[in-house]
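Reader: Before I plan anything at the bench, I would like to go through this model with you, one question at a time. Please reason each answer through and finish on what I asked for.

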Amino acid sequence: MEDFINIREDIKDENYRYKMPRIQTVVEGRGNGIRTTITNIYEIAKALVTEPEYIVKFFGIEFGAITKFDKENRRATVTGSRDNDTMLASLYKFIKLYIICESCKYPELFITCKPKPKPGSIVMTCQACGHIFEPKHNHKLTIYILKNPPRKRSYKKPQQVSIRDDEEEKEKEFEKVYTKEDDDKVKDAIKSINSFIEEGDPDNEAITSKIKKICKYNKWNRTTRTLIVCDLFLGKKIYSQIPIQAELLQMLISTKSCQRALLGYVDRLCEENKGVLNRAPHILKALYDNEIVDEEMIIEWGKLKSSLFTTKTNLEAVREKSEQFLTWLEEAEEEAEEEAEEEGEEEEYDEEEGEEEYDEEEEYDEEGEYDEEEEYDEEEEYDEEDYDEEQN
């Protein structure tokens, strides 16, 4: 019977539900040809819900070794002699960087690749808490993942991405925003949350929990909750506050209905303050760059002809101010889709037959280290200063 261990190294509880097979290795060969074979790499990757190639590549980078992945026999080899404990320690490092959510600490991360703007980045979405973030580390495996994106899977994606997305539920979300009956309750809620923050200096998880409990008690939907969050943490200084409050906003504005409400809040601010209106495109870009609002939601927002949050005249004024940014975003999305289609035609992942293998000669230089010549070519990114000059 295969031995199973906890996915998280720091948890010793035998009843912990996230488990994986203990890594099994065999040292083969002798002299310069000695190598360590991992016999259950597929089973480990399946337990971690990741690509086995990523684990193998990670070992190669960490040990400065040449790796080979045999898809047909579902085995991986790493040059050099290494025991189970050494390999397990490296595997736990991979888990900490690419499997464990930085917010809730559950091993439920789902990786997607964001090719634009160059050189691109990987985005991690937690299927447990909905937290969305880009890794803060710059491990070289990230470059490999960008060049070899995860294949599409059949398991369900995070609920936060798809929940309340049909038209009927969308209308329900917008039925109740702020009403006269709610005004006093909302003010009391904001006052209560402010006191909670000032008195206890809580972290973002505690603040998120507090806000959700208050909204649940008052039976407020996500739209109302989003507007309360915006009043609390953004306000008229929205542009400067977005990067400061990014992590908290990602935790509280995790559904499409929330993102729509946030964009509606931007519309409302633009109507109330001309200074905010003039910075509308920069506000949108800040929301996009900080992974708070998806590009498809911004594009959808840009096509609206009417809104419950503002007048038609103001809506047109905001769209006119933001026209250049919206055009840039649509073109970037089209280019990304074209590149994805081209890559899909050239490199189709075949789970049964497996046609691709690592190129041992190009992976590492003569010193056995990762070849840094594979870095992405740098291209010009969207420049806010140039954008300001064009606007003026």
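Reader: In which loop does R74 lie?

Author: This is a predicted model, and the answer can be read from the strands that flank the residue. Strand β5 covers 67-70 and strand β6 covers 75-79. R74 therefore belongs to neither run, since a strand is a DSSP run, and its place is the loop between β5 and β6.

Reader: Is R74 buried, partly exposed or exposed?

Author: The backbone of R74 has a phi near 55°, a positive value in a residue other than glycine. For the accessibility class, buried means under 20% relative accessible area and exposed means over 50%. The relative accessible area of R74 is 42%, so R74 is partly exposed.

Reader: Over the face of which residue does R74 lie?

Author: A charge sits over a ring if, among other conditions, CZ of Arg is within 6 Å of the ring centre. R74 is placed at 4.3 Å from a ring centre, and the ring in question is that of Y42.

Reader: The charged end of R82 sits over a ring too; which ring is it?

Author: The charged end of R82 is 4.5 Å from the centre of the ring. The residue that carries this ring is partly exposed, with a relative accessible area of 22%. The ring under R82 is that of F63.

Reader: How are the rings of F59 and F63 arranged, stacked or edge-to-face?

Author: F59 and F63 both lie in helix α2, four residues apart, which is about one turn of the helix. F59 counts as buried at 0% relative accessibility, whereas F63 is partly exposed. Their ring centres are 6.2 Å apart and their planes meet at 25°, and because planes under 30 degrees apart count as stacked, the pair is stacked.

Reader: What is the arrangement of the rings of F58 and F94?

Author: This pair links distant parts of the chain, with F58 in helix α2 (residues 52-63) and F94 in helix α3 (residues 84-98), 36 residues apart. Both F58 and F94 are buried. Their ring centres lie 5.4 Å apart with the planes at 65°, and since planes over 60 degrees apart count as edge-to-face, the arrangement is edge-to-face.

Reader: Which residues do ring pairs link into a cluster?

Author: Rings pair if their centres lie within 6.5 Å, and by this rule the count comes to nine aromatic pairs. Ring pairs also link residues into a cluster, whose members are Y16, Y18 and Y106.

Reader: Which strands are the edges of the open sheet?

Author: Three strands form this open sheet, in the order β7-β8-β9, and the pairing is antiparallel. Six bridges join β7 to β8 (residues 121-126), and T112 stands opposite V123 in β8. The edge strands each pair on one side only, and they are β7 (109-114) and β9 (132-133).

Reader: How do the residues lining the largest cavity divide into nonpolar, polar and charged?

Author: The structure holds one cavity of 30 Å³ or more, and about 30 Å³ of space lies in the largest cavity. Its lining is made up of L48, V49, I99, P107, E108, L109 and Q127. Since Glu counts as charged and Gln falls among the others, which count as polar, the lining divides into five nonpolar, one polar and one charged.

Reader: What is the phi of V49, about which you have said little so far?

Author: V49 is in the loop between α1 (41-48) and α2. At 33% relative accessibility, V49 counts as partly exposed. Although V49 is not a glycine, its phi is positive, at about 55°.

How values were computed:
Residues numbered from 1 in each chain as written. Predicted model: local features only at pLDDT ≥ 70, side-chain atom pairs only at ≥ 80, totals over all residues. Heavy atoms only, no water. Phe/Tyr/Trp six-rings, centres within 6.5 Å; stacked < 30°, edge-to-face > 60°. Helix = DSSP H or I, 4+ residues; strand = E, 2+ residues; numbered from the N terminus. Buried < 20%, exposed > 50% of the residue type's maximum accessible area, 1.4 Å probe, protein only. Lys NZ or Arg CZ within 6 Å of the ring centre and 35° of its normal. Pairing = 2+ DSSP bridges. 1 Å grid on protein atoms, 1.4 Å probe; cavity = no way out; pocket = protein on both sides within 12 Å on 5 of 7 lines; lining within 4 Å. Points joined across faces, edges and corners; volume = space filled by probe spheres on them.
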